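Student: Hey, could you walk me through this one?
Tutor: Sure, let's put it on screen and take it topic by topic.

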Amino acid sequence: MNFPWNELLFHGNWMITMAQIGAPFLVIGVIAVITYFKLWKYLYKEWFTTIDHKKIGIMYLLCAILMFVRGGIDALLMRTQLTIPNNTFLEANHYNEIFTTHGVIMIIFMAMPFIFGLWNAVVPLQIGARDVAFPVMNNISFWLFAGAMLLFNLSFIVGGSPAAGWTNYAPLAGEFSPGPGVNYYLLAIQISGIGTLMTGINFFVTILRCKSPTMKFMEMPMFTVTTFITALIVILIFPVFTVTLALMTIDRIFGTQFFTVANGGMPMLWANFFWVWGHPEVYIVVLPAFGIFSDIIPTFARKHLFGHKSMIWATAAISFLSFLVWVHHFFTMGNGALINSFFSISTMLIAVPTGVKIFNWLATLYQGRISFESPMLFSLAFIPTFTIGGVTGVMLAMASTDYQYHNTYFLVAHFHYTLVCGVVFACFAALIFWYPKMMGYKLNERLNKPFFWLFVIGFNVCFMPQFILGLDGMPRRLYTYMPSDGWFMLNVISTIGALMMAASVLFLVANIIYSHLKSPRIASGDSWGLGRTLEWSTASSVPPVYNFAIIPDWDDLDTFVDMKKQGRHYLDNHNYKDIHMPNNTPVGFFMGIFMTIGGFFLTFETIIPAIICLIGVFGCMIYRSFQEDHGYYIPASEVAATEAKLREAREKEREAASHA
Ligand code: HEM
Ligand SMILES: [Cu+2]
């Protein structure tokens, strides 16, 4: 085996050198802390091998928040570089690497795992299920994602990061990008993509097969509905990207010519394949975000969602149209007027169902008894800011005018208005909203408020000026500019906004630590006292392992609210039966390890060890196939004891509240 040792330690600038020196210490430090506190066994048994969707959800969210920080640091470095003209803080190639890793990390390793974490944490509970349909596969999905995340981040210190943009267009990403950088991109996204596909299948089947038998399809909570439709999008488009990534990988490693300029390759094929996946991909993160707002807004407006059915149809319409718009990403790349017109019109059509949603949210607020807890604040801030993203999207959808906007900061501002207001606001709102479901206590509202205001104001201060910069002709992916360009002031303002967002995240991190130490623990499952859906009907704030001792009924959207009003609860039914539960398993963890190490060797184009790792992956599958694992039963008596204890805790809490 001839491993390219010389490529491993590459010479970047001082930041990379520092990270190269620091990373081993960080790893040793983490290992030392875990060993010192004797946590290995606990972590392995309770977390790494877990098949409990609640725990897998938390692991996804932890990774997503970590990646938000990493992607955010990338963003801050870029904003620092662009603050003044002729800046030499980052040189050109390093800037290219940073916008590439920022884009990939934010979309693939932050937004998606954030959403999947929330699916895991919430969806089985919203449908009255005991777990997902395929709990072991769920664990495998997570470890493929986590391994891929590690692999991608390794590129920063070992071998060098990709620098061809998150879109990775050929031929730049092909023959013009030697070295391991683009291979990291291809293999990390490939590995996490396989996990994503499995997650899509898992949640599609879970919602079809595991929901409470009384729950009708058109009356599922909106987060579940959007999850269902999104899971279908995942199933339809991820195979496309799997193949596309594989074609580019064999182009680069084995010398095929699918996307090359010479020898009959077709670089435009990449652009088409990429966006056939890439446009629906952004809906994979934004549709569940719409679902989150559709659950939070009614809760804090104390009304049910206006136009529930139209919301479902609008979601379906958006997802259908999302497959028919991909060419709007390259109107300027020679498609001809007829094709551009088709995609121009199909893109604008998306504004119609999206508008339906906006009006539904507004109508839900109308005459509601609104209270302004921070999840609601994020939802309210979302409506107008996202509309700016939508309106500028329609502007970009006009092929003829897009010749002006294309690849300028106008586009950068537009997609951050959709991705940050749509997805990140929703993720934060959801994190705060469902935090007690995951952790058993709330995040401190007093610390949430500065977090909210700094983030939302900082966001607008950062990205509003970029619309103007774009109209003034500032191209995206530009590492510096001249004083005579006249872009100085607006860039300064933009950077100030980015700093405000960074400061806001410090409040979030501080809050997570503070609340862990100080927040009062909640006994009731209905942590906000306003819950409308089944996740709030559980016996305790963090549900017991089996979620529901008795599978709850769901006759219509107001079942839980009506029962609360009448002083009834399905928990009053004590007719317990034995509950069947699946066992933990190490296969996912080890498959993740094999895949990651294999991906690493393939990144450095060393085939034999990569094949050995692949055999390891198959070995795990074979091991699992022959393993006899029928799960285990929690006896009815044990369920009764647990439920009695939880009931007592709830009663104590209610009494304490009535005395207060
Ligand atoms: C929250 C604060 C954020 C800031 C300050 C920020 C800033 C930036 C900057 C400065 C660029 C480079 C623009 C250029 O040179 O062309 C960029 C690109 C990008 N950002 Fe962000 N961003 C943020 C959040 C996000 C989020 C949450 C996402 C996705 C969920 C995202 C996705 C992207 C993508 C896809 C690109 C394009 C990368 C490329 O050109 O290949 N960003 N962002
Ligand atoms: Cu698109």
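What follows is a chat about the metal sites and the nonpolar cores.

Tutor: Some ground rules: this is a predicted model, where local features need pLDDT of at least 70 and side-chain atom pairs count only at pLDDT 80 or more, while totals for chains, interfaces and linings use all residues. Residues are numbered from 1 along each chain as its sequence is written, chains are lettered from A and ligands numbered from 1 in the order in which they are written, and side-chain values use heavy atoms, with hydrogens and water left out.

Student: Cool. Which residues coordinate the iron atom of ligand 1?
Tutor: His-102 and His-416 do, each through NE2, at 2.0 Å. Donors here are N, O and S atoms within 2.8 Å of the metal (3.2 Å for Na, K and Ca); water is not among the atoms, so sites may look incomplete.

Student: Where do those two sit in the chain?
Tutor: His-102 is in helix 5 and His-416 in helix 15, 314 residues apart. Helices are DSSP runs of H or I with at least four residues, numbered from the N terminus.

Student: And why is the arrangement called octahedral?
Tutor: Because the six donor atoms around the iron atom subtend angles of 88 to 180°. Six donors count as octahedral if opposite donors are over 155 degrees apart and all others between 65 and 115.

Student: Is His-102 buried or exposed?
Tutor: Buried, with a relative accessible area of 13%; His-416 is buried too, at 14%. Buried means under 20% relative accessible area, with a 1.4 Å probe and protein chains only.

Student: Switching metals, what are the protein donors of the copper ion?
Tutor: For that ion, ligand 2, they are His-279 (ND1), His-328 (NE2) and His-329 (NE2), lying 1.7 to 2.0 Å away. Their spacing along the chain is H-x48-H-H. His-279 belongs to helix 9 (residues 267-301), whereas His-328 is in the loop between helix 10 (308-321) and helix 11 (337-349).

Student: How many residues does the largest nonpolar core have?
Tutor: It has 175, and Trp-270 and Phe-425 are among those with the most contacts inside it. Helix 15 (residues 409-439) gives the largest share, 21 residues. A nonpolar core is a set of buried Ala, Val, Leu, Ile, Met, Phe, Trp, Tyr and Cys residues joined through side-chain atoms within 4.5 Å.

Student: What else does Trp-270 touch?
Tutor: Leaving out residues up to four places away in sequence, its contacts (heavy atoms within 4.5 Å) include Tyr-185, Phe-241 and Met-248.

Key: Buried means under 20% relative accessible area, exposed over 50%, partly exposed in between (1.4 Å probe, protein chains only). Four donors count as tetrahedral if all angles lie between 85 and 135 degrees; four count as square planar and six as octahedral if opposite donors are over 155 degrees apart and all others between 65 and 115; anything else is irregular.
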